[in-house]
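I opened the notebook to record what I looked up in this structure, in the order in which I looked it up.

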Amino acid sequence: AIKPAKKIEKKRNNKTINQDLTDKLVEYQKKLLELKMSHAISPIENPLQIKITRRIIAKIKTAILNKKE
């Protein structure tokens, strides 16, 4: 009787983790868009922010794919 409860709990945890990762992904994609737009209008102070944000997005996408498997 203990094992099914753990499986249910694990599924809930995975769903919340996936939801958190998806929320962060959307947040960073918005941030990247804002950085690109502001950089196109006038050069931003630290253009490396764009590169760093892109890499963070890639890491989040990789984490999401690994959680699905």
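The entries below go from the whole chain to single residues.

**Entry 1: the whole chain.** I noted at the outset that this is a predicted model, and I read every value below as computed from that model. For the secondary structure I found two helices and zero strands. Of the 69 residues in the protein, I found that buried ones make up 14%. The accessible surface came to about 6100 Å², and 57% of it belongs to carbon and sulfur atoms. I then looked at contacts between residues at least 6 apart in sequence, and 61% of these join residues at least 24 apart.

**Entry 2: the core.** Which residues form the largest nonpolar core? I listed nine: Leu21, Leu25, Leu32, Leu35, Ile44, Ile50, Ile57, Ile60 and Ile64. The elements that give two or more residues to this core are α1 (2-41) and α2 (48-68). As a general point, I wrote beside this that nonpolar side chains tend to be buried together in soluble globular proteins. For one member, Ile57, I looked up the contacts beyond its neighbours within four places in sequence, and I found Leu25, Tyr28, Gln29 and Leu32.

**Entry 3: the two sides of α2.** Helix α2 has 21 residues and spans 31 Å from its first C-alpha to its last, which is close to the 30 Å expected at 1.5 Å a residue. Which residues of α2 are buried? I found Ile50, Thr53, Ile57, Ile60 and Ile64 to be buried in α2. They lie on the same side of α2, because they cover an arc of only 85 degrees around the axis. The general rule I set next to this is that an α-helix has 3.6 residues a turn, so residues three or four places apart point the same way. On the other side of α2, I noted Arg55, Lys59 and Leu65 as exposed.

**Entry 4: Thr53.** I went back to Thr53, whose place is in helix α2, and asked whether this residue is buried or exposed. Thr53 counts as buried because its relative accessibility is 2%, and the cut-off for buried is under 20%. A polar atom of the Thr53 side chain lies 2.7 Å from the backbone oxygen of Gln49. Leaving aside neighbours within four places in sequence, I found Thr53 in contact with Tyr28, Lys31, Leu32 and Leu35.

**Entry 5: Lys31, a contact of Thr53.** Lys31 lies in helix α1, and I recorded it as partly exposed, with a relative accessible area of 41%. Although Lys31 and Thr53 are 22 residues apart in sequence, I read a C-alpha to C-alpha distance of 7.7 Å between them.

**Entry 6: two exposed residues.** I looked up Glu34, whose place is in helix α1, and it counts as exposed because its relative accessible area is 57%, where exposed means over 50%. The C-alpha atoms of Glu34 and Ile50 are separated by 9.7 Å, and the two residues are 16 apart along the chain. I did the same for Lys59, which lies in helix α2 and, at 62% relative accessibility, counts as exposed. How far apart in space are Lys59 and Leu25, and what is their distance in sequence? I noted 9.5 Å from C-alpha to C-alpha, with the two positions 34 residues apart in sequence numbering.

Conventions: Residues are numbered from 1 along each chain as its sequence is written. This is a predicted model: local features need pLDDT of at least 70, side-chain atom pairs count only at pLDDT 80 or more; totals for chains, interfaces and linings use all residues. Side-chain values use heavy atoms; hydrogens and water are left out. A nonpolar core is a set of buried Ala, Val, Leu, Ile, Met, Phe, Trp, Tyr and Cys residues joined through side-chain atoms within 4.5 Å. Buried means under 20% relative accessible area, exposed over 50%, partly exposed in between (1.4 Å probe, protein chains only). Helices (H or I, at least four residues) and strands (E, at least two) are DSSP runs, numbered from the N terminus. Contact means heavy atoms within 4.5 Å. A polar contact is a pair of N or O atoms within 3.5 Å; within protein, one must be able to donate a hydrogen and the other to accept it, and residues adjacent in sequence count only if both atoms are side-chain atoms. Accessible areas come from the Shrake-Rupley method with a 1.4 Å probe; for residues, only the protein chains shown count as cover. The expected span of a helix is 1.5 Å times one less than its number of residues. The arc is that of the directions from the helix axis to the C-beta atoms.
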